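Biologist: Could you take me through the place where the first two chains meet, and then follow the parts behind it? I'd like one connected walk rather than a list.

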There are 4 protein chains.
Amino acid sequence: MEAVAQKAVLPASRRQPAGRKSQQRVREILQAGREVFSEKGYARATTAEIAQRLGVSEATVFSYFRGKRELCARVIGDWYDESIAAIEGGLPRDGTVRQQFAFIVRMHLQLMLESGTGICELVLSEGRTRHHDLSEALTEMQRRYTAPLMRVLARGQESGQIRNDLSLRLLRSLVFGPMEHVLWDATLANRRTDIDATADRLVDALWSALQPPNLELAALAQFSQDVGEAVRRLERERAAR
Amino acid sequence: MEAVAQKAVLPASRRQPAGRKSQQRVREILQAGREVFSEKGYARATTAEIAQRLGVSEATVFSYFRGKRELCARVIGDWYDESIAAIEGGLPRDGTVRQQFAFIVRMHLQLMLESGTGICELVLSEGRTRHHDLSEALTEMQRRYTAPLMRVLARGQESGQIRNDLSLRLLRSLVFGPMEHVLWDATLANRRTDIDATADRLVDALWSALQPPNLELAALAQFSQDVGEAVRRLERERAAR
Amino acid sequence: MEAVAQKAVLPASRRQPAGRKSQQRVREILQAGREVFSEKGYARATTAEIAQRLGVSEATVFSYFRGKRELCARVIGDWYDESIAAIEGGLPRDGTVRQQFAFIVRMHLQLMLESGTGICELVLSEGRTRHHDLSEALTEMQRRYTAPLMRVLARGQESGQIRNDLSLRLLRSLVFGPMEHVLWDATLANRRTDIDATADRLVDALWSALQPPNLELAALAQFSQDVGEAVRRLERERAAR
Amino acid sequence: MEAVAQKAVLPASRRQPAGRKSQQRVREILQAGREVFSEKGYARATTAEIAQRLGVSEATVFSYFRGKRELCARVIGDWYDESIAAIEGGLPRDGTVRQQFAFIVRMHLQLMLESGTGICELVLSEGRTRHHDLSEALTEMQRRYTAPLMRVLARGQESGQIRNDLSLRLLRSLVFGPMEHVLWDATLANRRTDIDATADRLVDALWSALQPPNLELAALAQFSQDVGEAVRRLERERAAR
DNA sequence: CATGAATGAGACTTCATTCAT
DNA sequence: AATGAATGAAGTCTCATTCAT
């Protein structure tokens, strides 16, 4: 799985070596990169520091990766790979739609928060940065990352448990949007978050949003709306006199 | 209101002039800055280009703004100021909670999408960048920006139309999260978005998520609430005569 | 006297006004300049601050003085003018060569130290800076400043009280060199200096250096020298065996 | 000795390389710096020109030196190091106080004048500039530079050949003051100076100033001193056989 | 393979100085 | 006379990236 991801993200550096030791080097650099990017964020991280942590020259880093941008993309890509594996591996195959949905939400929060605040910040932040040529790679990663949820949602729509008057794309925003927002809030406040409690509340609230609209309720709402409007119209007419 | 915000964000350069022409210059630079930052994003924008667009030297830019970072903060801050004014100014004072909620959602989408794709991207992107010292200013802007929604949500909770088992903070995430996600999706896809349709769907879905868990009761509660409000309004009218 | 100095130093700014109020302005600017240059030294002083102290715009300063350099030269020039006046005015006309010499030494130290450490530092420091086009003006000021001493020295040489086997120029260095060195030492150490004591010691030591060589002493010295040499020669010869 | 001095003056740039070629580069840059600073003086010299002379980018210069100020400090520091070495190396160990004194005076003039007018000017001028943070380094260099003279003076005071009613500090001013003054005169006049003649005259005049007030007694004291020394030397020789 | 060294580029910054009004 | 505004020029600094060995 990793190999695939790497190919997708990395056209590979011109002189990139391919031996066994090389693989090791790549991993070391990625590790150092993850640390530094996590600690400082993309902009404030320096290739010099990454190299230094390994006791390697900057040039070495650049012989394995095309550049800072790409290295960072790989760091994030690897995180996504691990996360995708965790979600796909842990998803309760036989669970109900709601169970699977809950699992994904909880897992997402867990992965983001337990990888360390740094990585969470990095992924959220870089997810909102246009990297000229690397955006597609990132977008692709995000697509793969959200794929499990998309499948669950599609299944839910088919079985009528999830409203099908909204596109999958919009539903996805409805789910990931709040999660990201909550996570970003958490990194900003640097607040320790109770994952379980937050996950429960989110699942609860989001699940309401995903359910098919209650027709009776809608009718009542419409009725109340109509009455309200009528009253207001009357007021306006009266005022105009 | 603008003045306050500007003071908060900008300690301003030492030699900053203050005359009328100055004000004009500031506006011009902000305009040029908005353009360049929008087109290139923060990182790829250069102070040199901003100056050049105005046919002005970089030194001039730096005599009005402490630096790239601050200029960008002002650009974003101004956008926020305008947006806050638009939302606070347009908010239907006498509308129902749901109407006000709908207004804010629609307005948010409109402001983001009609200010030009660039600004939308910039605001969303910079909102997720830690600028060491400027983050607080930005966070404050965001707080002010979301204040109207917070008030509506609070009002809704009081009147029982909005679930009060979730914190306002979480509710905010529930609302702004999806909106931002949708907007980011849109900028990524560079897709023309039907604001009205999207807004309607979002309002609809989000409103479900905001409802108190027991939907039927909630619907009835809201209905009685609406009728009650209308009646009270009528009475006030009558009393005023 | 001042007018003369000003002419020498200042070819005057193109648009320099000449009215009475102007004279006042010039004096004000010089005053502010003296303060700022004294406090910060030439390099760290800014025209902006000088203007600011007067509540005047920088441009105003530049309409009275060609530039920072020239303003500083004028500040120093004025100090020299005052000092020259003080020395020439106070010099005991009927005093002996030694009395006049002592007066000048003491006065020099006093003027330097009592004008404030800043001015002392400024004068000493700028005296050692090549100002491209202004050096001549400064040099000329220094020439005038040292003129009284030169006259005393010349009188001393004529009357045989001061050795005349050394040029006046060298004698001047012999006198001003130590004084400047002592003063610089004092500014470096920021040490409060006892002017009277220092002056007495300096006068005493310098007076020895100025006196005609004692021939008998010289003969004895030569004799001892010869004996010493002879002894050494013997030693060397013995060692070579 | 050099290493120590360099460490004291230069915390060095973060990315400073350290190989052999590096050492060479450092020397080249110092050389270029010495040239440019000598020719233009500190203020008018530009880092750009220094880099250009070497056909090197400014960034390179800044990767070896923290900045213009520091580079200049090193240039001067190196000159001091060389000079100190020359003086300490050439000082006649067995010479009389007066011989050593004369040697130092002559050497000082020689070093200043034969390193090229530029360096002389630079050293004298920068010695009188407060560089905020670098002054201490310079002051320390000057302390080391004057140390040999201080030792000689102290020895002279002990043996009664030099007046001990004046502090060493004042005596130092008495010696270096005139020398610096003469040298500055020379650079101002851009005059070719006869080093030997000037040195002889200075030594002669200064020696008088250093003598104990009572000249005849002093002369005799010195004579007996000289003879005594010679005799002792002879005895030592004899004992060693 | 690794790396020492160099560097282009751009951000910032500060000022003295100029000029139109 | 005065000044608000602009600016050229240089310093300072930081990095990602390249390349010859």
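Modeller: Let's start with the contact itself: 48 residues of chain A touch 50 residues of chain B. Keep in mind that this is a predicted model. Together the two chains bury about 4700 Å², and 55% of that sits on carbon and sulfur atoms. On the chain A side, Arg128(A), Arg130(A) and His181(A) give up the most area to chain B, together 17% of what that side buries.

There is plenty of charge pairing to look at here. The count between chain A and chain B comes to 10 salt bridges. One to click on is Asp185(A) with Arg172(B), where the closest N and O atoms are 3.2 Å apart. For polar contacts, the count between these chains is 20 residue pairs, with both partners at pLDDT 80 or more.

Which helices of chain A each supply at least two residues to the side that touches chain B? They are helix 7 (117-126), helix 9 (168-189), helix 10 (195-210) and helix 11 (215-240). Helix 9 of chain A gives the most, with 15 residues. Sort that whole side of chain A by residue type and you get 19 nonpolar, 12 polar and 17 charged.

Now pick out helix 10 of chain A, one of those contributors. Helix 10 has 16 residues and reaches 22 Å from its first C-alpha to its last, close to the 22 Å expected at 1.5 Å a residue. At its start, a side-chain oxygen of Asp194(A) comes to within 3.2 Å of the backbone nitrogen of Asp196(A). Further along, the buried residues of helix 10 include Thr198(A), Leu202(A), Ala205(A), Leu206(A), Trp207(A) and Leu210(A). What do the buried residues of this helix pack against? Within chain A, they pack against helix 6, helix 8 and helix 9, and from chain B they meet helix 9 (168-189) and helix 10 (195-210). So that you can see the cut-off behind the word, buried means under 20% relative accessible area.

Ala205(A) leads us across to chain B, where Leu166(B) is in contact with it. Leu166(B) lies in the loop between helix 8 (135-158) and helix 9 of chain B. Is Leu166(B) buried or exposed? With a relative accessible area of 4%, Leu166(B) is buried. Leaving aside neighbours within four places in sequence, its contacts are Arg201(A) and Ala205(A) from chain A, plus Gln157(B), Leu171(B) and Leu174(B) from chain B. Leu210(B) is 44 residues away from Leu166(B) along the chain, with 9.1 Å between the two C-alpha atoms.

Back in chain A, helix 6 is among the elements that the buried residues of helix 10 pack against. Helix 6 covers residues 97-114, and its 18 residues should span 26 Å at 1.5 Å a residue; the end C-alpha atoms are 25 Å apart, which agrees. Its buried residues include Val97(A), Phe101(A), Phe103(A), Ile104(A), Met107(A), His108(A), Leu111(A) and Met112(A). The buried residues of helix 6 pack against helix 5 (68-90), helix 7, helix 8 (135-158), helix 9 and helix 10 of chain A. Just after helix 6, Gly116(A) takes a positive phi of about 105 degrees.

Zoom out and chain A has 11 helices and 0 strands. Buried residues make up 49% of its 241 residues. Of the contacts in chain A with a separation of 6 or more, 74% join residues 24 or more positions apart.

It's worth turning to chains C and D as well. Their contact takes 48 residues from chain C and 50 residues from chain D. The area buried between chain D and chain C is about 4700 Å², with carbon and sulfur atoms giving 56% of it. The rule finds 10 salt bridges across that interface, and Asp204(C) with Arg163(D) is one you can inspect, at 2.5 Å from N to O. There are also 20 residue pairs in polar contact between chain D and chain C, both residues at pLDDT 80 or more. On the chain D side, helix 7 (117-126), helix 9 (168-189), helix 10 (195-210) and helix 11 (215-240) give two or more residues, and helix 9 of chain D gives the most, with 15 residues. That side of chain D divides into 20 nonpolar, 12 polar and 18 charged residues.

Terms used:
Residues are numbered from 1 along each chain as its sequence is written. Chains are lettered from A and ligands numbered from 1 in the order in which they are written. This is a predicted model: local features need pLDDT of at least 70, side-chain atom pairs count only at pLDDT 80 or more; totals for chains, interfaces and linings use all residues. Side-chain values use heavy atoms; hydrogens and water are left out. Contact means heavy atoms within 4.5 Å. Buried area is the accessible area (1.4 Å probe) that two parts lose on being put together, summed over both. A salt bridge is a side-chain nitrogen of Lys or Arg within 4 Å of a carboxyl oxygen of Asp or Glu. A polar contact is a pair of N or O atoms within 3.5 Å; within protein, one must be able to donate a hydrogen and the other to accept it, and residues adjacent in sequence count only if both atoms are side-chain atoms. Helices (H or I, at least four residues) and strands (E, at least two) are DSSP runs, numbered from the N terminus. Ala, Val, Leu, Ile, Met, Phe, Trp, Tyr, Cys and Pro count as nonpolar, Asp, Glu, Lys and Arg as charged, and the others, Gly among them, as polar. The expected span of a helix is 1.5 Å times one less than its number of residues. Buried means under 20% relative accessible area, exposed over 50%, partly exposed in between (1.4 Å probe, protein chains only).
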